[in-house]
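Trainee: Before I rely on this model at the bench, could we go through it together, one question at a time?

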Number of protein chains: 2
Amino acid sequence: MTDKDKKIASPARPSVAEMVENIVGCKWSLRVLALVRAGVSRPGAMEHAVDGLTAKVLNERLKKLTRYGILDKTVYPESPPRVEYRLTAFGQQFSALLDQIERLEKVLQQ
Amino acid sequence: MTDKDKKIASPARPSVAEMVENIVGCKWSLRVLALVRAGVSRPGAMEHAVDGLTAKVLNERLKKLTRYGILDKTVYPESPPRVEYRLTAFGQQFSALLDQIERLEKVLQQ
DNA sequence: CAGTATCCAGACCGATACTG
DNA sequence: CAGTATCGGTCTGGATACTG
């Protein structure tokens, strides 16, 4: 975990602009968000799906996204352990940013 | 200028996702973008408007936003020199991200 | 499988001083 | 006023090794 992360441990309700800066500014965040949105819910699957993404960084991102109320974490007490991440209601709205980015992508391709 | 900046000097058309990561990841970028959008076009005015923003960092942001085709720079050959930055057509669409952020802000406040 | 601890090269950005 | 050069502390994130 980074120091930046620690600073928002007990946030005075960070603004969305701060969230966006802090989340999007971190490498892999958008990728991870897109994966969860696409139904890839398990960390192992995410790590496998994204070339170059390591477990350490992935966990940092998942933690941050969870702390911001964008993702929801579920732990199933099995062996081997199974964990799933899902978008929260707010996370679904937040991830609409991905749609707008995609829209801009098309603008650029013309 | 940072090394990250140099890498996109001759871009193979960076994706919007990369642009977003690279721009939003840089502190002050959203603030600067919002200022230009609000009609604050001169660097001096921007520096004066944002507490904590220094000329060096401001120029790095303006350069990057210009290189990405989001801003347009105009130099008036006067003395003292006058410079103005404006949103390009693409920049206007890009800065719609700010609207969505503002929308999310309201979602969060409920 | 999920998650953490440690290390460290390199990037970021704030301060300062400077040019045209 | 606009912009650059340089320095230096801090943070980032990739590699590796490890626990439960």
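Trainee: In which sense do strand β1 and strand β2 of chain A pair?

Mentor: In this predicted model, strand β1 of chain A covers residues 71-76 and strand β2 of chain A covers residues 82-87. A hairpin through five residues joins β1(A) to β2(A). Six bridges link the two strands, and the sense of their pairing is antiparallel.

Trainee: Which residue in β2(A) is the bridge partner of L71(A)?

Mentor: L71(A) finds its bridge partner in β2(A), the strand that spans residues 82-87. That partner is L87(A).

Trainee: Is α2(A) roughly parallel or roughly perpendicular to α2(B)?

Mentor: Helix α2 of chain A and helix α2 of chain B each span residues 16-24, and their axes come within 8 Å, crossing at roughly 110°. Because angles from 65 to 115 degrees count as roughly perpendicular, this crossing makes α2(A), relative to α2(B), roughly perpendicular.

Trainee: How many residues of the contact of α2(A) with α2(B) are charged?

Mentor: From α2(A) the contact draws on V20(A), E21(A) and V24(A), and from α2(B) on V20(B), E21(B) and V24(B). Of these residues four are nonpolar and none is polar, while the number charged is two.

Trainee: Over which residues of chain A does pLDDT stay under 50?

Mentor: The average pLDDT of chain A is 91, and 89% of its residues score at least 70. One stretch, for which the model has five contacts beyond four places in sequence, nevertheless stays under 50, and that stretch is residues 6-11.

Note on methods
Residues numbered from 1 in each chain as written. Chains lettered and ligands numbered in written order. Predicted model: local features only at pLDDT ≥ 70, side-chain atom pairs only at ≥ 80, totals over all residues. Heavy atoms only, no water. pLDDT = per-residue confidence, 0-100. Contact = heavy atoms within 4.5 Å. Pairing = 2+ DSSP bridges. Helix = DSSP H or I, 4+ residues; strand = E, 2+ residues; numbered from the N terminus. Axes fitted to C-alpha atoms, helices over the stretch in contact; angles between N-to-C directions. Parallel < 35°, antiparallel > 145°, perpendicular 65-115°, else oblique. Nonpolar A, V, L, I, M, F, W, Y, C, P; charged D, E, K, R; others polar.
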